[in-house]
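Student: I am new to this structure and would like to learn how to read it, one feature at a time. Could we start with a single residue and then move outwards?

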Amino acid sequence: IKEIPSFITKCHKLNILDISSTEVSQLPEGIENLPITGLYLEESKVEGFPSILYNFDSLLYLHLNPIEELPSDIGTFQIKYLKVSLKSFKYLDTIKSLKGLTLNNSTGKHLPEGLGNLPLLDDLNLRYCKNLFKLPSSMGNIKRLWGLDLTGCSRLTGLPSSLNQVPIGILKLDECNNIRSVPKGLQVGSIWARDVTWKSMPVGIFDSEA
């Protein structure tokens, strides 16, 4: 599929548009007038952060192709669930509406210090962010995390001590070969650490509620 026919703009109740893994390179004019809450563009030919996104009034779910960084005014959007691979994590901490954030395969080195101050964030996926070397200390301000997925974050050597203040459902440390310690007293349901090459167990990993 290389293009979306213009008649789709007459589907006045259309909520979700998923063109993932297609050859579509642009959205049809008028699509922004539909009540779309979910827009999935990953692995399509739609590149960057399309300017048409500024015209959507009800967008809550957004999946993008890899980009350098988000626009500086991304905080004006009311996005609840964002999936994108980034070279820079700038401006993430301005999206106050975020509940779920997936940054898999991003190449940024450090998350914004204010990320933990997002009031609604409860799911964070950082799979194979291989340049990430630490998490912000503000993580301790998060009210709860259903999941924290750090699979393949091979530069991480530890987690911020403040994280033991956050109830966590699942903590995934798969392939995190350089983790040396985790905060004692983690309030975590389960810890996954598959395919690791630890010579010794990380300090504090058994001193938790897991």
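Tutor: We can, bearing in mind that this is a predicted model. Begin with Ser 88, which lies in the loop between β4 (81–83) and β5 (100–102).

Student: Is Ser 88 buried or exposed?

Tutor: Burial is judged from relative accessible area, with under 20% counting as buried. Ser 88 has a relative accessible area of 18%, so Ser 88 is buried.

Student: Which side chain makes a polar contact with the side chain of Ser 88?

Tutor: That partner is the side chain of Glu 69, at 3.4 Å. In addition, a polar atom of the Ser 88 side chain lies 3.3 Å from the backbone nitrogen of Lys 90.

Student: How many aromatic pairs are there?

Tutor: Rings are paired by the distance between their centres, and the angle between their planes then names the arrangement. Here the count comes to four aromatic pairs. In one of them, Phe 49 and Phe 77 have ring centres 5.6 Å apart and planes at 85 degrees, so the pair is edge-to-face. Phe 49 is buried at 18% relative accessibility, and Phe 77 is buried at 8%. The rings of Tyr 61 and Tyr 81, with centres 5.1 Å apart and planes at 5 degrees, are stacked, and this pair links strand β3 to strand β4, 20 residues apart.

Student: Which residues touch the most other members of the largest nonpolar core?

Tutor: In soluble globular proteins, nonpolar side chains tend to be buried together. Among the 62 residues of this core, those are Leu 82, Leu 92, Leu 126 and Leu 150, while β7 (145–149) and β8 (168–172) each supply at least two residues.

How values were computed
Residues are numbered from 1 along each chain as its sequence is written. This is a predicted model: local features need pLDDT of at least 70, side-chain atom pairs count only at pLDDT 80 or more; totals for chains, interfaces and linings use all residues. Side-chain values use heavy atoms; hydrogens and water are left out. A nonpolar core is a set of buried Ala, Val, Leu, Ile, Met, Phe, Trp, Tyr and Cys residues joined through side-chain atoms within 4.5 Å. Buried means under 20% relative accessible area, exposed over 50%, partly exposed in between (1.4 Å probe, protein chains only). Helices (H or I, at least four residues) and strands (E, at least two) are DSSP runs, numbered from the N terminus. A polar contact is a pair of N or O atoms within 3.5 Å; within protein, one must be able to donate a hydrogen and the other to accept it, and residues adjacent in sequence count only if both atoms are side-chain atoms. Rings of Phe, Tyr and Trp (its six-membered ring) pair if their centres lie within 6.5 Å; planes under 30 degrees apart count as stacked, over 60 as edge-to-face and the rest as tilted.
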